Amino acid sequence: MNTDKSLTVLIPAYNEEANLASAVAKYERAIGSRMSDYEFIIFDDASRDRTGAVADQLARDNPRIRVCIIASTGDSVTTSGKAPGSRK
């Protein structure tokens, strides 16, 4: 296990409600056995389904996950920042 390096995995998500949790679990299995310091940042790009809610729940359950929800508000885009329970 590599203990002297850290890794951040960026996960773009658009309408991935049905796939997000299993994708994050696969990343966790692949990386968790190789790295001790890692995090996932999920970017929900104005999904129209429950992708943001799924991402928020994943972040509450796992301190290695942060969420950035990009919400479309007409002509502009706003970012919510990190989800409750996420790392700094």
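Student: Which residues does E28 touch, not counting residues up to four places away in sequence?

Tutor: This is a predicted model. In it, E28 is part of helix α1, and its relative accessibility of 22% makes it partly exposed. Leaving out residues up to four places away in sequence, E28 touches Y38, F40, N62 and R64.

Student: How far apart are the C-alpha atoms of E28 and E39?

Tutor: Along the chain, E28 and E39 are 11 residues apart. Between their C-alpha atoms the separation is 9.2 Å.

Student: Is E39 buried or exposed?

Tutor: A residue counts as buried under 20% relative accessible area. E39 has a relative accessibility of 9%. Because 9% is under that cut-off, E39 counts as buried.

Student: With which residue does the side chain of E39 meet in a salt bridge?

Tutor: The N to O distance in this salt bridge is 3.3 Å, and a salt bridge requires a nitrogen within 4 Å of a carboxyl oxygen. The partner of E39 in the bridge is R66. E39 lies in strand β2 and R66 in strand β3, so the pair ties together parts of the chain 27 residues apart in sequence. The residue asked for is R66.

Student: How many salt bridges does the count come to, and which residues form the one with E17?

Tutor: The count comes to two salt bridges. In one of them, the side chain of E17 meets that of R50, at 3.7 Å from N to O. This pair links distant parts of the chain, with E17 in the loop between β1 and α1 and R50 in the loop between β2 and α2. Hence the bridge with E17 is formed by E17 and R50.

Student: Is R50 buried, partly exposed or exposed?

Tutor: Partly exposed covers the range between under 20% and over 50% relative accessible area. R50 has a relative accessible area of 49%. Because that value is not over 50%, R50 is partly exposed.

Student: Which pattern does the chain follow along the sequence?

Tutor: The chain has two helices and four strands. Read along the sequence, the pattern is β-α-β-α-β-β.

Student: At what angle do the axes of α1 and α2 cross?

Tutor: Residues L20, A21 and V24 of α1 make the contact with T51, V54, A55 and L58 of α2. By class, this contact has six nonpolar residues, one polar and no charged ones. The two axes come within 10 Å and cross at roughly 40°.

Student: How many residues does the largest nonpolar core have?

Tutor: In soluble globular proteins, nonpolar side chains tend to be buried together. Here, β1, α1, β2, α2 and β3 each supply at least two residues of the core. Among the residues with the most contacts inside it are V24, F40 and L58. The largest nonpolar core has 17 residues.

Student: Which residues is F40 in contact with, leaving aside its neighbours within four places in sequence?

Tutor: F40 is one of the residues with the most contacts inside the largest nonpolar core. Its contacts also include the charged residues E28, R64 and R66. With neighbours within four places left aside, the full list is V9, I11, V24, Y27, E28, I31, R64, I65 and R66.

Student: What is the phi of A46?

Tutor: A46 is found in the loop between β2 and α2, and its relative accessible area of 25% makes it partly exposed. Its phi is positive although A46 is a residue other than glycine. The value is near 55°.

Methods:
Residues numbered from 1 in each chain as written. Predicted model: local features only at pLDDT ≥ 70, side-chain atom pairs only at ≥ 80, totals over all residues. Heavy atoms only, no water. Buried < 20%, exposed > 50% of the residue type's maximum accessible area, 1.4 Å probe, protein only. Axes fitted to C-alpha atoms, helices over the stretch in contact; angles between N-to-C directions. Contact = heavy atoms within 4.5 Å. Core = buried A, V, L, I, M, F, W, Y, C linked by side-chain atoms within 4.5 Å.
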